[in-house]
Amino acid sequence: MTEIDLDDLREELLQCRRCGICRNSVYEAKGFDGICPIWRNTSGFETSFMRGKIQVALALLDGTLERTAENAESLYQCALCGNCTQICAAEFHPAHIMETVRYVLNELPNESRDKIAESIKSVDNPYNEDPSSRRVWLEELGLNVPTSSEILYFVGCTSGLRIQNIAKNTALILNAAKTDFAVMENEPCCGSVMMRTGRMEEARENAEKVVDAIKATGAKKVIVSCAGCLKTLRKDYSEKFGIEMPEILHIVEYSKELLAENKLKLKSLDNIKVTYHDPCHLGREMEIYEEPREIIQAIPGVNLVEVNPNRNTAICCGAGGGLRSYDSDLSRKIAADRMKAFEETGAKTVVSACPFCETNLIAGSKLLDSDIEVVDVVDLLRRAIE
Amino acid sequence: MKPSIVNELAQVVGEKFVSTREDVLHTYASSASMAKNPVRPGAVVRPSDADEIAALLKIANKHQIPVTIRSGGTSLQGEVIPKPDGLVIELMRLNGIQLFEDLRSVRVGAGVTYGELDKFLSKHGLWLPISPESALGCTVAGNVAVNGAGPGSSLFGCTGEMVLGLEIVLPNSEKIQTGSEANPYAPGPFLRYAFGPDITGLFIGSLGSLGVITSVSMKVFKRMEFFDYNMYGFDSYQQAEKFLMELKDNDVNAVFTSLYEGPVLEFFMEMMGDEYGIPPMEWPYRTVSMTIGRVREDMLKSDAKLARNLCEQTGGRVIGIEQFPKNEWEGRFWTFVRACYVHGWHWRTLYHHQTPTNSHRSVEEITKVMDKYGFLGHTAGFVTGHASTNMYPHLYFDPVDPEDEAKIVEAHDELASTLFKTGAVPFKLAPFWKGRMEGTEKYMEFLSQLKRAIDPNNIMNPGVLGGI
């Protein structure tokens with residue numbers, strides 16, 4: 001990442017004219033039905049939504065506010081979901097600029113940020129889990145998957161260590177389509193959360209490690225099942241660090257190809273009504289909205305109903321931007337709020353395409369005592385594979 | 001603010017909804033207004049209803065704390081900049097909407113934005129036909145408090161014209177209801193001019209200086225579905241201004257009629273032309289951009305034909321680029337914000353009304369100060385009712401250049417005096433007009449007496465309503 005010019009940063013922050021449409025805009029013609037999940041799920045003071053966060057950032061940068069943990073709280077109490085960017089009428093990207101502010105002000109105290117970065121540095125995952133357990137799920141499947149191949153399945157930390165069903169079902173889909181693929185022995189973390197929380201130098205070092213590890217597998221194509229990994233590997237590495245990567249595809253993109261080539265035969269599922277949650281990194285960041293929907297709709301017997309808002313105006317699950325670690329209660333509360341919206345659709349299943357979203361939505365579901373099932377697209381697709 | 005007072009506030013709204021944190025106070029020190037320096041208050045509260053607000057005002061009176069009422073924080077002329085160590089009462093939690101379909105009215109809480117209300121009303125085939133250009137962030141009650149205007153005003157007048165009644169918490173903590181709803185047995189809001197003088201009107205445009213508007217009852221109308229978009233060019237301001245009056249005299253249902261100077265339109269098109277899909281062209285000396293709206297198609301066709309004829313009769317020509325007025329109208333909740341931001345500058349404004357036949361005087365005065373002080377700016381306007389035009393001068397400055405901003409402050413100050421003398425009427429009596437309104441001394445004194453009578457401790461937004 002190039003050196004940040006503080007004057008440029010300030011000028012960019014001053015693109016915000018404080019109109020406040022990043023708070024709770026309802027703009028039916030453009031699909032907006034509320035903007036900031038933090039504003040909606042906290043006491044709702046100005047610091048909770050982007051207008052206030054930008055004012056705080058400017059004040060911390062110019063010394064109007066003292067650089068304390070309390071004064072910096074609002075900068076981290078943000079999922080960086082980017083819905084504010086969708087509505088913003090000014091010439092800047094509020095969510096991305098907030099990431100830059102976190103980087104510039106990364107001496108500000110933030111225990112969860114530092115703990116995560118240290119964990120990634122020491123054990124290659126943010127959960128401080130034993131890295132040797134990375135391929136345990138493969139052993140459970142009984143698949144003989146090599147560690148090098150032209151196609152690499154980059155599992156990601158959450159699928160590999162927490163919600164292993166996603167990893168298993170991704171592998172089973174690839175296997176059913178007779179795709180030869182590899183899974184790394186010691187897969188490093190993509191470093192997404194380091195970037196989001198402002199530990200950019202460590203993220204760069206980590207990225208170099210990831211690139212070397214991917215190169216060592218001989219991969220020409222990398223498939224991921226995590227929206228965060230996708231954005232990080234496909235977009236951030238090149239834009240922030242100038243690193244060239246092989247082709248990176250999310251499993252929903254790859255599965256769409258497999259379906260088009262008739263490599264997957266699907267059986268009917270029993271007349272189920274599902275709705276879809278757009279992960280911020282897959283949707284707003286990578287503009288992948290239709291592929292997961294096309295996969296869901298390709299499964300006979302599955303009826304997809306949309307939650308409102310959706311696609312580029314979808315409300316975040318509350319997990320991103322380091323918020324789940326920084327303020328897990330708020331993160332879960334946002335997820336519960338989102339689950340309420342899913343309940344209103346009448347669907348019995350929420351489908352997503354990001355293990356981090358799924359983790360948080362399940363937490364939200366528990367908080368709400370909801371009986372809606374939360375699954376990944378690969379879970380649903382795997383169920384339908386004959 | 002003293003911790004004991006903060007405790008009292010917390011007992012009213014709950015600890016969760018009172019803050020004295022430095023970061024929170026900093027964000028309430030400013031609003032969307034770029035025309036005032038930030039002032040940090042002593043506390044911010046977010047009450048949930050009128051009863052809590054009444055209790056808060058009791059505390060403020062007891063301790064003589066200046067109170068600033070704020071909802072969306074979207075006002076542009078320093079209306080909600082607090083006093084040092086004062087109390088900000090933020091109204092965004094007052095969020096109910098109640099429709100009275102038979103009465104053609106709706107009652108909305110002070111925290112309801114235009115976007116929220118429009119979504120609600122559209123389900124019933126209805127609308128509140130006027131919305132400010134800040135409609136996504138601005139609350140209806142907030143706009144009533146500043147007597148705003150915007151798209152829709154060309155036919156329906158300023159926001160105040162839509163108001164049927166208000167619920168108000170007075171500075172002494174008494175709660176009153178104005179309009180037909182003052183009768184507790186009335187079926188709802190259907191008549192504003194009831195029970196003697198227009199007390200509702202006293203609070204419209206009062207800038208939070210006389211009490212707290214906690215809910216507003218507004219007229220609603222059947223939503224128009226048929227629109228005609230066109231632009232009309234003129235070689236002189238006389239022709240353009242005559243056209244505007246002819247439209248009124250002939251009852252052409254123009255819901256939004258904007259008047260642009262050629263160079264101003266060129267400036268906008270340089271920035272926005274591609275987004276609007278408008279090819280580069282040489283704009284006439286004056287251009288009228290107009291949306292005609294009707295609930296019936298036959299009426300629309302008749303109006304559209306008449307508008308074209310009137311244009312030609314007044315010496316103008318039909319330009320026919322429909323994208324511009326269509327973008328203005330269909331995108332009215334967002335497009336104007338975009339147009340104000342795309343150039344990158346900050347700006348000061350000085351909203352005022354002129355008659356349509358005098359609007360060129362505002363253009364002349366702003367051009368003079370631009371030339372004198374050497375800065376970029378403009379003014380355009382839109383028709384706002386019976387015989388008025390809302391003019392909105394923008395004086396641009398670079399926010400990272402204090403010298404540039406200082407120049408604009410001086411020019412802005414000078415413009416208030418010169419504009420007033422052209423016959424301009426400041427419908428939002430922002431503090432900038434203080435001492436600039438020669439000949440209004442008795443009126444202002446009467447307004448001061450009213451304020452003293454209603455708010456003897458002068459706790460409500462002191463110094464803001466024309467400096468009172």
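The exercises below, each with a worked solution, concern a predicted model with chains A and B.

Residues are numbered from 1 along each chain as its sequence is written, and chains are lettered from A, with ligands numbered from 1, in the order in which they are written. Local features need pLDDT of at least 70 and side-chain atom pairs count only at pLDDT 80 or more, while totals for chains, interfaces and linings use all residues.

**Exercise 1. Confidence**

Task: State the scores of the model and find which element of chain B has the lowest mean pLDDT and which the highest.

Solution: Begin with the model as a whole, which scores ipTM 0.97 and pTM 0.97. Next take pLDDT, the predictor's confidence in each residue, from 0 to 100; its mean over chain B is 96, and 100% of the residues of that chain reach 70 or more. Finally, go down to the elements, where helices (H or I, at least four residues) and strands (E, at least two) are DSSP runs numbered from the N terminus. Among the elements of chain B, E18(B) has the lowest mean pLDDT, 89, and strand E2 (residues 43-45) the highest, 99.

**Exercise 2. The overall form of chain A**

Task: Determine how the radius of gyration of chain A relates to that of a compact globule with 386 residues.

Solution: First apply the globule rule, which is 2.2 Å times the number of residues to the power 0.38, with the radius of gyration taken over C-alpha atoms. For 386 residues a compact globule would have a radius near 21 Å, and the 20 Å of chain A agrees with this. Along the principal axes, the C-alpha atoms of chain A fill a box of roughly 60 × 45 × 35 Å. The secondary structure of this chain comes to 20 helices and nine strands. Of its 386 residues, 53% count as buried, where buried means that 20 or more other C-beta atoms, placed from the backbone, lie within 10 Å of the residue's own.

**Exercise 3. Domains 2 and 3 of chain A**

Task: Describe the contact between domain 2 and domain 3 of chain A, and say which helix gives the largest share of the domain 2 side.

Solution: Start from the division of chain A into domain 1 (6-104), domain 2 (111-258) and domain 3 (265-384), whose bounds come from an automatic or database domain assignment. The C-alpha centres of domains 2 and 3 of chain A are separated by 21 Å. Their contact takes 30 residues from domain 2 and 27 residues from domain 3, two residues being in contact if their C-beta atoms, placed from the backbone, lie within 7 Å. Several helices each supply at least two residues of the domain 2 side, including helix H7 (111-123) and helix H13 (227-241) of chain A. The largest share, six residues, comes from H10(A). By character, this side divides into eleven nonpolar, twelve polar and seven charged residues; here Ala, Val, Leu, Ile, Met, Phe, Trp, Tyr, Cys and Pro count as nonpolar, Asp, Glu, Lys and Arg as charged, and the others, Gly among them, as polar.

**Exercise 4. Where chain A meets chain B**

Task: Identify the elements of chain B that give two or more residues to the side touching chain A, and what the buried residues of H4(A) pack against.

Solution: The contact between the chains takes 39 residues from chain B and 32 residues from chain A. On the chain B side, the elements that give two or more residues are helix H2 (22-27), helix H4 (114-122) and helix H12 (335-341) of chain B. The residues of that side divide into 15 nonpolar, 15 polar and nine charged. Turning to helix H4 (residues 69-76) of chain A, its buried residues are A:Asn71, A:Ala72, A:Ser74, A:Leu75 and A:Tyr76. They pack against helix H3 (50-62), helix H6 (94-104) and helix H17 (323-326) of chain A, together with H2 of chain B.

**Exercise 5. Strands of chain B**

Task: Trace the partners of strand E13 (residues 254-261) of chain B, and explain why E16 and E18 of chain B each have one side without a neighbour in the sheet.

Solution: Strand E13 of chain B is mostly covered, with eight of its eight residues buried. Two strands pair if DSSP finds at least two bridges between them. E13(B) pairs with strand E14 (residues 286-294) of chain B in the antiparallel sense over seven bridges, and B:Ala254 has B:Ile292 as its bridge partner in E14(B). Two bridges also join E13(B) to strand E19 (residues 381-383) of chain B, again antiparallel, and B:Leu259 stands opposite B:Gly381 in E19(B).

For the second part, consider the open sheet of three strands with the order E16-E21-E18 (chain B) and antiparallel pairing. Strand E16 (346-349) and strand E18 (377-378) of chain B stand at the edges with a single partner strand each, so one side of each is left without a neighbour in the sheet. E18(B) pairs with strand E21 (residues 394-397) of chain B over two bridges, and B:His378 stands opposite B:His394 in E21(B).

Key:
Buried ≥ 20, exposed ≤ 12 C-beta atoms within 10 Å, placed from the backbone.
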